[in-house]
Amino acid sequence: MHISLTGKTALVTSATLGIGFAIAQGLAEAGAEVVITGRDQQKIEHAIAQLKNNVPNAKIRGFAFNAATQEGCQQIIQAVPEVDILINNLGIYGVCEFSAISDEQWFEFFETNIMSGVRLSRHYMKGMQAKNWGRIQFISSESAFNIPADMIHYGMTKSAMQGVSRGLAKALADSNVTVNTILPGPTKTEGAITMIKNIALEQGLSEADAEKYFIQTHRNSSIIQRFTEPREIANMAVYIASEQASATTGAALRVEGGIIDSIH
């Protein structure tokens with residue numbers, strides 16, 4: 001299967017590192033013109049330089065706008081009025097006991113993880129409908145199904161994301177615009193690598209054994225028994241963005257190594 005996204009413009013939020021960066025690179029490798037966003041101008045410039053180094057002749061632009069706010073989303077829309085592919089990757093997480101989660105934290109998680117995607121999808125879907133082609137993706141998490149007891153506010157937003165995605169797919173029926181969520185499991189991003197190193201120091205383990213320790217302790221239902229790589233998430237995102245995935249919509253697509261213990 002040869003995937004070509006030549007002539008398509010893609011927007012990936014929070015794409016200076018980790019999963020977002022890997023998705024941006026995968027889309028660029030498939031020929032798309034890619035726009036990335038983040039909050040730090042230096043990180044944007046560094047990511048663009050890396051992407052152009054990794055993908056010769058890549059068409060990459062970037063903007064330091066905060067998609068977690070209404071103002072930031074509007075700035076993105078003004079800078080990039082239309083896209084063919086929208087990847088709603090922005091998200092925050094954090095461990096906190098339920099009794100200690102403040103109202104402000106609940107609203108921050110909802111604003112960042114849900115409303116960023118809602119605002120951008122609400123705008124870009126119109127252009128996609130007019131062209132009768134488009135792809136909208138939400139990067140969710142296996143925590144949408146396995147709500148973590150120590151991150152209930154995070155799990156709630158990921159569950160809500162499933163509802164938004166499924167409903168939007170139905171709202172865009174018969175338009176050749178598909179809407180899907182992708183559910184990663186623990187992924188070896190920069191933050192995860194730091195966490196693994198800390199576990200290794202605390203437990204007196206090698207980093208490889210520290211990774212296994214985390215999976216066995218916190219995600220023991222994993223079938224692959226390891227962290228996924230950002231590139232593995234990106235591979236799914238690129239396929240779902242392609243013409244070949246035209247019949248896949250309204251779906252929650254797992255790239256979580258089998259952690260969710262269900263055949264549904």
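How many aromatic pairs does the structure hold? I opened my notebook with this count, keeping in mind that I was looking at a predicted model, and I found that the structure holds 4 aromatic pairs.

**Entry 1: aromatic rings**

I looked up Phe63 and Phe65 and noted that their ring centres lie 5.6 Å apart with the planes at 5°, so I wrote this pair down as stacked. I also checked how open Phe63 is to the outside, and its relative accessible area of 21% makes Phe63 partly exposed. I then turned to Phe98 and Trp106, which form an edge-to-face aromatic pair, with 6.1 Å from centre to centre and 75° between the planes. For Trp106 I noted a relative accessible area of 23%, so this residue is partly exposed.

**Entry 2: the sheet as a whole**

I next traced the sheet, which is open, has 7 strands and runs in the order 3-2-1-4-5-6-7 with parallel pairing. Which strands are the edge strands? I found that they are strand 3 and strand 7, the latter at residues 252-255, and that each of them pairs on one side only. Going from one strand to the next, I recorded a twist that averages 20°.

I looked at the helices that lie against this sheet as well. Helix 1, residues 18-29, packs on the sheet and touches strand 1, strand 2, strand 3, strand 4, strand 5 and strand 6, while its direction makes about 175° with that of strand 1. Helix 5, residues 152-171, also packs on the sheet, where it touches strand 5, strand 6 and strand 7, and its direction makes about 160° with that of strand 6.

**Entry 3: strands 1, 2 and 3**

I followed strand 2, residues 33-38, and saw that it pairs in the parallel sense with strand 3, residues 60-64, over 5 bridges. Strand 1, residues 9-12, pairs with strand 2 in the parallel sense over 4 bridges. Val34 helped me to connect these strands, for its bridge partner in strand 3 is Ile60, and Ala10 stands opposite Val34 in strand 2. I also noted that strand 2, helix 2 at residues 41-54, and strand 3 make a right-handed β-α-β unit.

**Entry 4: strand 4 and its partners**

I recorded that strand 1 and strand 4 pair in the parallel sense over 3 bridges, with Leu11 standing opposite Leu86 in strand 4. Strand 4 and strand 5 pair in the parallel sense over 4 bridges, and here the bridge partner of Ile87 in strand 5 is Gln137. From strand 4 the chain crosses through helix 4 to strand 5, and I noted this β-α-β crossover as right-handed.

Which way do the residues of strand 4 point? I found Ile85 and Ile87 pointing one way, Leu86 and Asn88 pointing the other way, and all of them buried. In a regular strand the side chains alternate between the two faces of the sheet.

**Entry 5: Asn113**

I looked up Asn113, which lies in helix 4, residues 103-131. Is Asn113 buried or exposed? Its relative accessible area is 3%, so I entered Asn113 as buried. The side chain of Asn113 reaches the backbone nitrogen of Ile92 at 2.8 Å, and, when residues up to four places away in sequence are not counted, Asn113 touches Leu90, Gly91, Ile92, Tyr154, Thr157 and Met161.

**Entry 6: Glu142**

I found Glu142 in the loop between strand 5 and helix 5, and with a relative accessible area of 2% this residue is buried. Which side chain does Glu142 join by a polar contact? I noted a contact of 2.7 Å with the side chain of Arg219. Not counting residues up to four places away in sequence, Glu142 touches several others, among them Leu183, Pro184, Glu256 and Ile260. I also looked up Lys8, which is 134 residues from Glu142 along the chain, and the C-alpha atoms of the two are separated by 29 Å.

**Entry 7: Ser175**

I ended with Ser175, whose place is in the loop between helix 5 and strand 6. Ser175 has a relative accessible area of 9%, and because buried means under 20%, I entered this loop residue as buried. Its side chain reaches the backbone oxygen of Leu172 at 2.5 Å, and, leaving aside neighbours within four places in sequence, Ser175 is in contact with Asn132 and Trp133.

Key
Residues are numbered from 1 along each chain as its sequence is written. This is a predicted model: local features need pLDDT of at least 70, side-chain atom pairs count only at pLDDT 80 or more; totals for chains, interfaces and linings use all residues. Side-chain values use heavy atoms; hydrogens and water are left out. Two strands pair if DSSP finds at least two bridges between them. Helices (H or I, at least four residues) and strands (E, at least two) are DSSP runs, numbered from the N terminus. A crossover is right-handed if, with the strands pointing away from the viewer, the path from the first strand over the helix to the second runs clockwise. Axes are lines fitted to C-alpha atoms, for helices over the stretch in contact, and angles run from 0 to 180 degrees between N-to-C directions. Contact means heavy atoms within 4.5 Å. Buried means under 20% relative accessible area, exposed over 50%, partly exposed in between (1.4 Å probe, protein chains only). A polar contact is a pair of N or O atoms within 3.5 Å; within protein, one must be able to donate a hydrogen and the other to accept it, and residues adjacent in sequence count only if both atoms are side-chain atoms. Rings of Phe, Tyr and Trp (its six-membered ring) pair if their centres lie within 6.5 Å; planes under 30 degrees apart count as stacked, over 60 as edge-to-face and the rest as tilted.
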